[in-house]
Amino acid sequence: KRAYPFHEIEPKWQRYWDDNYTFRTPDEIDTSKPKFYVLDMFPYPSGSGLHVGHPLGYTATDILARFRRMQGYNVLHPMGWDAFGLPAEQYAIETGTHPKITTLRNINRFRSQLKSLGFSYDWDREISTIEPEYYKWTQWIFLQLLKRGLAYQAEVPVNWCPALGTVLANEEVVDGVSERGGHPVIRKPMRQWMLKITAYADHLLEDLDDLDWPESVKDMQRNWIGRSEGAEIEFLVLGDDGKERGEKIIVYTTRPDTIFGATYLVVAPEHSLLSSLVSLAQSRSVEEYRDIASRKSELERTELQKEKTGVFSGCYARNPANGKAIPIWIADYVLGSYGTGAIMAVPAHDTRDYEFATRYDIPICWVVKPDGEDCGDSGIAYAGAGIILNSSNSSVGLDINGLPSKVAASKVIEWAEKTGNGKKKVNYKLRDWLFARQRYWGEPIPVVFLEDNGESIPLSERDLPLKLPELDDFTPTGTGEPPLSKAISWVKTTDPSSGKPARRETSTMPQWAGSCWYYLRYMDPKNSEQLVDKTKEMYWSPVDVYIGGAEHAVLHLLYSRFWHKVLYDIGVVSTKEPFKCVINQGIILGEVQYMAYKDPDGNYVSADSADILGELYQEIIPEEKVIKSGDSFVLKDDRDIRLIARAHKMSKSRGNVVNPDDVVSEYGADSLRLYEMFMGPFRDSKTWSTSGIEGVYRFLGRTWRLIVGSPLANGAFKDGTVASDDEPTYEQLRSLHKCIAKVTEEIEGTRFNTGISAMMEFINSAYKWNKLPRSIVEEFVLLLSPYAPHIAEELWFRLGHSNSLAYEPFPEANPAYLKDTFVILPVQINGKTRGTIQVEEGCSEEDAFRLASEDEKLSRYLDGKSIRKRIFIPGKILNVILGP
Ligand code: ANZ
């Protein structure tokens, strides 16, 4: 029982759009028209194909694209492939298939899946990060970075994964093992390419303010950049005799106001001064401690809940404020990579220091009290701002007692600068970007090293692209030498400028590289002379709406903003920011699962009492045996048994993955699109439900039958529809225009679900009409088309049009029909006025009577009575004559 013939319609229109290049955005466009660039986060073409999360964002952008096209905008709506990356390479190692083969196969599958969903991409602009014509420009950008000193080599501790034979980015390491495969990861210093993103820290931070992005994403970027203002203060190291030895430890602090409370110093285990500080007696325990710390990740070290550990160095330093000698400790809760790698510890006012001091019996000295309160050891640190106390030393000329923290902090900085004890300092959490991977499947870095002195020489722009050589053996070398070192004849080369023998760089770029700038290439995908033509870039920039998952909130969006700003500075792009508006779609969880508890005898136990009873096991209960009761779910047959209802992330191991292909073959692409938009607010996470998709499928079926063949039709079939040429009534126009207004408003606000509700309401009311005026139906079909384009095109065609509706003007709501005009209608029973009802102007006799019988007062006269006659004068009166 198919509700309507989507099987025939959908492929037919997909072919039509392809054959007619319906969605091609011409190279030469009428630039007097407004533009709309709507972009999806392009997919990594994985081996498992599309999952239902993809069409969620892609349908949303497609609705926006189709909507703006109909409104007369020039629309840029492209698609491509983020096709380099580790999984293809891992698969290649396991199976011996070249990553290019698997990647191209996956791309073909993705493309045909996307086409089967009817997305209006301009496929002529398809790009793929693995094509030399594309990565030529990724390499070109690298050369520009190099030219400006924004790419450099450095010996840095990296996450080295012996099993994968590669360096991993911090975010690819979870709990000390590789995110992929779970292999152990160690920290190891290696010479690496770095990008100086820190040079742009301030711009990246400041320009966030003007972006129309989710606040949560902006906050994550702000935290990642982590700008903090404070001071660097010098503490002189003391010898055994209590005299200064000449070395100094510089600490970074955001709370200079607490300097009198600094009762010890901490240096990170990797601090460069460490070896000279440690006393002989302490050297063994320090050595052991360093060794343990080197195996921990930074995350582990800084986790607040973790117990703080450390060792005493055997050495003291002088607190420059109060002149006291304070011990120097080594502890791994201080990181070598942040600030100066050393801190002044103020246990009274810092939680971690407090915990540490208590553990190792270090004095705690209170120097800040909350405004208007007493202070004292309440068992926790007071980390807030307040009024300073115990902080005066006339012999160094510093007195901050009684000042509020902020003022005191400035005063300390001023004092430190005057006396040479320190200076104001701004710090960032942001680190430079580790830009090399010891992998095969990535963009080659366009640099050679001279054989004789190892000097690095960038290739010249005309030597690009530097193509990735074919390689049969991708297995890691195990030494840290990248797999590309096996491409012996490729590696061995000459410096093109001097002709001297040289070796190519064998690391490749990380997967982020290709996705940093792809949105620019879509504007001018075939340009072999330039990354993007200036005029085209000026017209299309910036991306108006960028939709994708929240998992890219920081890295991808930060890295591309960084590259964009560099490109702006060198005049390649005309805007400071790439993406005007970013929207994160919510995640789709698997269908809700119901679980019941059973005791060892096999009897059901309500979830309410489950935690007080022991030895229970769980059983999955099929949906048809479940019923909702209040806020919870119970067994249909025994309503005292409360169940647990839970939705899980879709995963292969749970077996709750929904394959979009299956949905398309069972219900059609339009139903899938509509359903994903109807599931709930676009940005929220939501659960999949098969009955939900049946609901929207029925709606499309009802729409189809209403227009193509409804029993209500009075007129003759014309062009295969039942639309009549009657003039629409006021009521019909009101329904239509209310629907237009709602759908338009909701698309603009990306609240797609409520737009669909409005269309459903419209169809419900249209079923009550006895004529279906063509002009009304046509407008409705146009309204529906961004959501369900196949059925809409077919209905449009059957309504007698020979062209696609893709460029028909989107219906506009006429405000005259939107006003809610109510009238108070007197109601008489047997000629006596018994009350009034509020009705819409133009309301029908039927509706007026229904409202009267629902009215509390009037219903008393009408209930159970037989009605002889009704007299209705629209807008004036309803008179009901009761029977005998
Ligand atoms: C003294 C102090 C007193 C601090 C107080 C805090 C509270 P941001 O920049 O906001 O993250 N710190 C400095 N360098 C560190 C490192 N390498 N590893 C771990 N911690 C470090 O915070 C800077 C504060 O974190 C600094 O201010 C320092 O402790 C600590 F009541 O100095 B504070």
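# Notebook: sheets, a ligand shell and some odd bonds

**Entry 1: the strands around β29.** I started at M595, whose bridge partner in β31 is I620. A note to myself before going on: this is a predicted model, in which local features need pLDDT of at least 70 and side-chain atom pairs count only at pLDDT 80 or more, while totals for chains, interfaces and linings use all residues. Residue numbers start from 1 along each chain as its sequence is written.

M595 led me to its strand: β29 (residues 593-598) runs antiparallel to β31 (residues 617-621), and 5 bridges join them. Strands here are DSSP runs of E of at least two residues and helices are runs of H or I of at least four, both numbered from the N terminus. Two strands pair if DSSP finds at least two bridges between them.

I then looked for other partners of β29. With β34 (residues 642-646) the pairing is antiparallel over 3 bridges, and there Y594 has A645 as its bridge partner. With β30 (residues 604-605) I found 2 bridges, again with the strands running antiparallel, and Y597 stands opposite V605. β29 and β30 make a hairpin with 5 residues between them, and G602 in the turn has a positive phi of about 90°.

**Entry 2: another hairpin.** Next I went to β22 (residues 447-450), which is joined to β23 by 3 bridges and runs antiparallel to that strand. Here F449 is bridged to S456 of β23. How many residues separate β22 and β23 in their hairpin? I counted along the chain and found 5, with G454 in the turn at a positive phi of about 75°. β22 is also joined by 3 bridges to β25 (residues 501-504), which runs antiparallel to it; V448 faces R504 there.

**Entry 3: a parallel sheet.** I wanted to see a parallel arrangement too. Strands of a sheet pair through backbone hydrogen bonds, either parallel or antiparallel. My example is an open sheet of 4 strands, in the order β2-β1-β26-β27, with parallel pairing. β2 (74-76) and β27 (582-584) are at the edges with a single partner strand each, so one side of each has no neighbour in the sheet. From one strand to the next the twist averages 20°. Looking closer at β1 (residues 35-40), I found 3 bridges to β2 in the parallel sense, with Y37 opposite L76.

**Entry 4: the ligand.** Which residues are closest to the ligand? I listed S228, T253, Y338, G339 and H349, out of 19 that surround the ligand. A residue is near a molecule if its C-beta atom, placed from the backbone, lies within 6 Å of it. β11 (244-253) and β15 (342-345) each give at least two residues to this shell. I sorted the shell into 9 nonpolar, 8 polar and 2 charged residues. In this sorting, Ala, Val, Leu, Ile, Met, Phe, Trp, Tyr, Cys and Pro are nonpolar, Asp, Glu, Lys and Arg are charged, and the others, Gly among them, are polar.

**Entry 5: two helices.** I looked up how α18 (residues 660-667) meets α19 (residues 669-678): their axes come within 7 Å and cross at roughly 120°. Axes are lines fitted to C-alpha atoms, for helices over the stretch in contact, and angles run from 0 to 180 degrees between N-to-C directions. α18 and α19 are therefore oblique to each other (under 35 degrees is roughly parallel, over 145 roughly antiparallel, 65 to 115 roughly perpendicular, and the rest oblique). P660, V663, V664 and Y667 of α18 make the contact with A669, S671 and L672 of α19 (contact means C-beta atoms, placed from the backbone, within 7 Å). I count 6 nonpolar, 1 polar and no charged residues in this contact.

**Entry 6: unusual backbone.** Most residues other than glycine have a negative phi, and most peptide bonds are trans. I therefore noted what departs from that. Y21 is not a glycine, yet has a positive phi of about 45°; this residue is in the loop between α1 (6-19) and β1. L464 and P465 are joined by a cis peptide bond with omega about -5°, and P465 is in the loop between β23 (456-458) and α13 (488-491). The bond from S541 to P542 is cis as well, with omega near -10°; P542 lies in the loop between α16 (534-540) and β26 (545-548).

Technical notes
Two residues are in contact if their C-beta atoms, placed from the backbone, lie within 7 Å.
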